[in-house]
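Subject: Structure for you to look at

Hi,

Here is the structure I promised to pass on. Have a look when you get a moment, and my notes are underneath.

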Amino acid sequence: MIVVTCPVCGIKGDETDFHYGGQAHVRRPATTDPVNITDEEQRDYLFIRHNPKGLHFERWRCDRGCGKWFHAARDTVTLDFKAFYGITELPPVELQQQAKGPWADYFQSRAKAR
Amino acid sequence: MKSRYSVFSLARNAFSYHKDWERAWRSPSPKAEYDAVIVGAGGHGLATAYYLAKNHGMTNIAVVEKGWLGGGNTGRNTTIIRSNYLQDPSIAIYELSRSLYENLSQELNYNMMFSPRGLMMLCQTEHEFRAMKRTSHANRLAGLDCRMITPAEVKEIVPIVNDDPNCRYPILGAYYQPRGGTGRHDAVAWGYARGADAMGVDIIQNCEVTGIRREGDKVVGLDTTKGFIKTRKIGVVAAGHVSTIMDLAGVRMPIESMCLQALVSEPIKPLIDCVVMANTVHGYISQSDKGELVIGGGTDPYNNYSQRGSFTALEHTVTALVETFPVISRLRMLRQWGGIVDMTGDRSPILSKTDVQGLYVNCGWGTGGFKAIPGSGWVFADTMANDRPHPIAEPFSLKRFTEGRLIDESVAAAVAH
């Protein structure tokens with residue numbers, strides 16, 4: 001059993017009280033530039049997923065509490081949650097720095113964009 | 001040449017108290033260079049190596065494995081063999097596989113205990129009945145031996161099934177594939193390993209891949225914990241860990257790894273001589289030759305590399321089976337374990353070349369890879385040897401995710417994903 005805490009309403013529960021929403025921070029390219037979107041970008045949006053062994057960032061929904069979506073950082077080997085944060089937020093900076101592989105690339109590109 | 005296993009070799013070795021059996025495969029150190037290297041010594045990887053050597057004469061090849069051969073999902077599944085998928089490309093590859101299983105023990109001179117005891121998929125809701133009927137029509141059009149059976153026939157084949165018409169999920173009928181069944185999963189890996197090794201394939205265990213070296217768009221070799229291995233062809237067949245290997249080559253995959261559990265009961269007398277899948281309630285069951293009930297269910301819904309599942313998923317599976325087979329309600333469970341399955345968006349596998357020349361990938365078998373081992377190895381070996389997709393592998397290319405040509409089995413595969 002994994003114990004999830006909703007950062008919105010503060011309720012605590014196991015995985016049956018929440019709904020898993022897959023990888024976090026996926027951007028739909030058609031939202032910003034629907035005209036010039038390529039097949040590859042659409043493929044990446046729909047199917048390509050970060051699948052790290054270790055630190056992962058994902059979406060959860062507080063099914064039996066407030067019903068809101070939120071973000072979580074979790075280790076996919078130990079299943080320990082590292083942080084819960086809001087749906088519009090990026091993870092805490094120290095977790096961004098710990099991220100590896102495609103996640104590290106993603107957070108670097110976000111930092112550059114700012 | 002290895003000596004053949006037979007009743008005579010068994011008798012001969014009995015005289016030396018079975019202490020002088022030859023090792024089934026060598027434990028070689030890696031050579032500096034191979035014509036091809038397979039990453040992952042599970043069933044699919046070993047079958048690929050076997051058919052590369054046997055069908056394509058490529059014997060200067062190696063299989064590298066992080067742990068021990070057959071220690072991943074090959075040794076963790078519920079050994080079900082069937083081919084009743086909905087889409088034509090799926091039927092083609094799974095039926096090739098099922099038919100190869102029929103003679104595999106003779107071919108490999110290794111008893112993998114293929115037992116075509118029949119496979120039944122219960123229909124417990126009206127819409128499941130219609131979906132299975134559609135599958136059975138698609139299967140019969142493709143030439144598969146299958147039929148829909150009535151609740152009375154279900155009861156005759158599986159007397160322990162709950163036939164109360166007033167229960168929550170009454171049996172309305174079933175899909176029946178009489179040639180489906182089970183096999184000994186470890187023996188499939190061991191048989192392919194022994195066969196490949198006899199033809200000169202090096203199987204290198206305890207050898208983790210730590211890097212894939214590229215020169216431009218070509219692979220030139222891989223770094224491992226046992227040193228650098230030079231090769232122009234790499235076949236990645238790493239199931240749940242495929243993303244971690246492909247990340248090393250800079251190729252992103254449409255895969256998410258999840259944990260699927262199985263469990264076995266204490267051994268009991270013969271109770272059920274058919275594989276029964278109850279997909280509405282999420283559980284499937286068969287009985288091993290030792291008498292244990294082999295039980296499987298659904299995956300945990302979140303990304304997971306832990307190889308142990310949650311009690312939630314376990315309880316869900318057991319609840320479903322107790323509802324369907326009330327007689328097993330007091331049975332104690334002996335062992336439980338998890339395997340890391342590689343799920344694709346359309347729940348169909350990936351057998352493909354990649355944008356990197358010389359890099360091939362065979363993955364995405366998700367919750368149902370065991371049944372596909374011989375066929376997958378056959379077509380993937382052909383794809384690697386000839387550097388073009390085998391006709392049966394072609395629809396399973398990575399390109400389908402760009403082109404939108406999905407092979408949608410996520411609702412059609414008739415299993416609980």
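Below is what I found, taking a hairpin, a helix and some salt bridges of chain B in turn. Keep in mind that this is a predicted model.

Let's start with the hairpin. Strands E19(B), residues 350–353, and E20(B), residues 359–363, run antiparallel and are joined by 4 bridges. If you want a spot to orient yourself, Lys353(B) sits opposite Tyr360(B) of E20(B). There are 5 residues between the two strands, and in that turn Gly358(B) has a positive phi of about 90°.

Next, helix H10(B), residues 373–386. Its 14 residues should span 20 Å at 1.5 Å a residue, and the end C-alpha atoms are indeed 20 Å apart, so the two agree. The helix is largely enclosed by the rest of the structure, because 11 of its 14 residues are buried. Among the buried ones are Ile373(B), Pro374(B), Val379(B), Phe380(B) and Met384(B), and Asp382(B) is also on that list. Right after H10(B) comes Asp387(B), with a positive phi near 55°.

Now the salt bridges, of which the structure holds 22 over all chains. Three of them in chain B are worth opening up.

- Arg26(B) and Asp197(B) meet at 3.1 Å, N to O. This pair links distant parts of the chain, 171 residues apart: Arg26(B) is in the loop between helix H1 and strand E1, while Asp197(B) is in helix H7(B), residues 185–198. Arg26(B) is partly exposed at 36% relative accessibility, whereas Asp197(B) is buried at 4%.
- Lys54(B) and Glu107(B) meet at 3.0 Å, N to O. Lys54(B) lies in helix H2(B) and Glu107(B) in helix H4(B), so the pair ties together parts 53 residues apart in sequence. Both ends count as partly exposed, with relative accessibility of 43% for Lys54(B) and 35% for Glu107(B).
- Arg400(B) and Asp346(B) form a salt bridge whose closest N and O atoms are 2.8 Å apart. Since Arg400(B) lies in helix H11(B) and Asp346(B) in the loop between E18 and E19, the pair ties together parts 54 residues apart in sequence. Here Arg400(B) is buried, with a relative accessible area of 2%, and Asp346(B) is buried too, at 1%.

One last thing on these: salt bridges with shared partners join Arg26(B), Asp197(B) and Asp202(B) into one network.

Cheers

Terms used:
Residues numbered from 1 in each chain as written. Chains lettered and ligands numbered in written order. Predicted model: local features only at pLDDT ≥ 70, side-chain atom pairs only at ≥ 80, totals over all residues. Heavy atoms only, no water. Pairing = 2+ DSSP bridges. Expected span 1.5 Å × (residues − 1). Buried < 20%, exposed > 50% of the residue type's maximum accessible area, 1.4 Å probe, protein only. Salt bridge = Lys/Arg side-chain N within 4 Å of Asp/Glu carboxyl O.
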